[in-house]
Amino acid sequence: MAFPLAKGLFSAAAIQSGACIASTLADAKEKGDFYISGIGCRVGGAVDEASCLRAKDARTLVESAFTGSPLEGGVVSMDWQPTIDGTGGVLPDDPLLLISRGQHNHVPVIVGSNTDEMSIQVPANVTAQMVQAQALFFIPIPKNS
């Protein structure tokens with residue numbers, strides 16, 4: 001919904017199992033550099049780094065991406081997500097801001113969640129009220145005018 005180049009390519013959207021967030025280009029580059037260094041592919045140039053990554057097996061690439069806990073202070077880590085390119089072509093700004101300003105592809109939307117999704121990673125002391133409060137904080141309900 002937030003990608004201008006996708007206009008007219010779909011007639012409806014479903015928002016499921018994800019957040020409406022994106023990284024800045026600077027943050028994405030920093031994360032990429034950290035990942036490349038951590039997997040041992042910081043070899044002195046984009047072509048060399050790409051060749052090094054291509055030589056790794058899939059298991060190594062995936063395991064290297066998830067070295068820490070997916071929870072950071074009780075919040076699920078979302079290290080890999082779309083990146084704001086700032087050019088206006090692919091992803092010009094934060095998706096939530098684009099949608100809140102009405103600068104998105106206007107199509108019918110359904111929003112859902114999965115029962116017990118990621119429940120194994122949620123601390124035992126999290127209550128239903130805490131989940132609801134967090135959802136309302138991140139997904140404000142528009143006031144009718």
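Here is a friendly exchange about a predicted model, covering its disulfide, a surface patch and a few single residues.

User: What makes cysteine 41 and cysteine 52 a disulfide?

Analyst: Their sulfur atoms are 2.1 Å apart. A disulfide is a pair of cysteine sulfur atoms within 2.5 Å, so this pair qualifies.

User: How many disulfides does the rule give?

Analyst: The count comes to one disulfide. The cysteine 41 and cysteine 52 pair links distant parts of the chain, eleven residues apart. Cysteine 41 sits in the loop between helix H1 (25-38) and helix H2 (46-55), while cysteine 52 belongs to helix H2.

User: Is the link of cysteine 41 and cysteine 52 left-handed or right-handed, and what is the angle about the S-S bond?

Analyst: The angle about the S-S bond is -75°, and the link is left-handed.

User: Why is cysteine 41 called buried?

Analyst: Cysteine 41 has a relative accessible area of 0%. Buried means under 20%, so the term applies.

User: And why does cysteine 52 count as buried?

Analyst: Happy to go through that one too. The relative accessibility of cysteine 52 is 18%. The cut-off for buried is under 20%, so cysteine 52 counts as buried.

User: Why is leucine 53 called partly exposed?

Analyst: Leucine 53, in helix H2, has 22% relative accessibility. Partly exposed covers what lies between the 20% and 50% limits, so leucine 53 takes that label.

User: How do you know that leucine 53 is in contact with Cys41?

Analyst: Contact means heavy atoms within 4.5 Å. Leaving aside neighbours within four places in sequence, leucine 53 is in contact with Tyr35, Ile36, Ile39, Cys41 and Leu61. As for the backbone, the C-alpha atoms of leucine 53 and cysteine 41 are separated by 6.5 Å, with the two residues twelve apart along the chain.

User: What makes glutamate 63 partly exposed?

Analyst: Glutamate 63 lies in helix H3 (residues 58-65), and its relative accessible area is 48%. Exposed means over 50% and buried under 20%, so glutamate 63 falls in between.

User: Which distance separates the C-alpha atoms of glutamate 63 and isoleucine 39?

Analyst: They are separated by 9.6 Å, and the residues are 24 apart along the chain.

User: Why does leucine 5 count as exposed?

Analyst: Leucine 5 is in the segment before strand E1 (13-16). Its relative accessibility is 63%. Exposed means over 50%, so leucine 5 meets the definition.

User: Which residues form a nonpolar patch on the surface with leucine 5?

Analyst: Phe3 and Val90 form that patch with Leu5, and the accessible area together is about 280 Å².

Conventions
Residues are numbered from 1 along each chain as its sequence is written. This is a predicted model: local features need pLDDT of at least 70, side-chain atom pairs count only at pLDDT 80 or more; totals for chains, interfaces and linings use all residues. Side-chain values use heavy atoms; hydrogens and water are left out. Helices (H or I, at least four residues) and strands (E, at least two) are DSSP runs, numbered from the N terminus. Buried means under 20% relative accessible area, exposed over 50%, partly exposed in between (1.4 Å probe, protein chains only). Patches are made of residues with over 30% relative accessible area and no salt bridge: like charges are joined within 9 Å, nonpolar side chains (Val, Leu, Ile, Met, Phe, Trp, Tyr) within 5 Å. Accessible areas come from the Shrake-Rupley method with a 1.4 Å probe; for residues, only the protein chains shown count as cover. A salt bridge is a side-chain nitrogen of Lys or Arg within 4 Å of a carboxyl oxygen of Asp or Glu.
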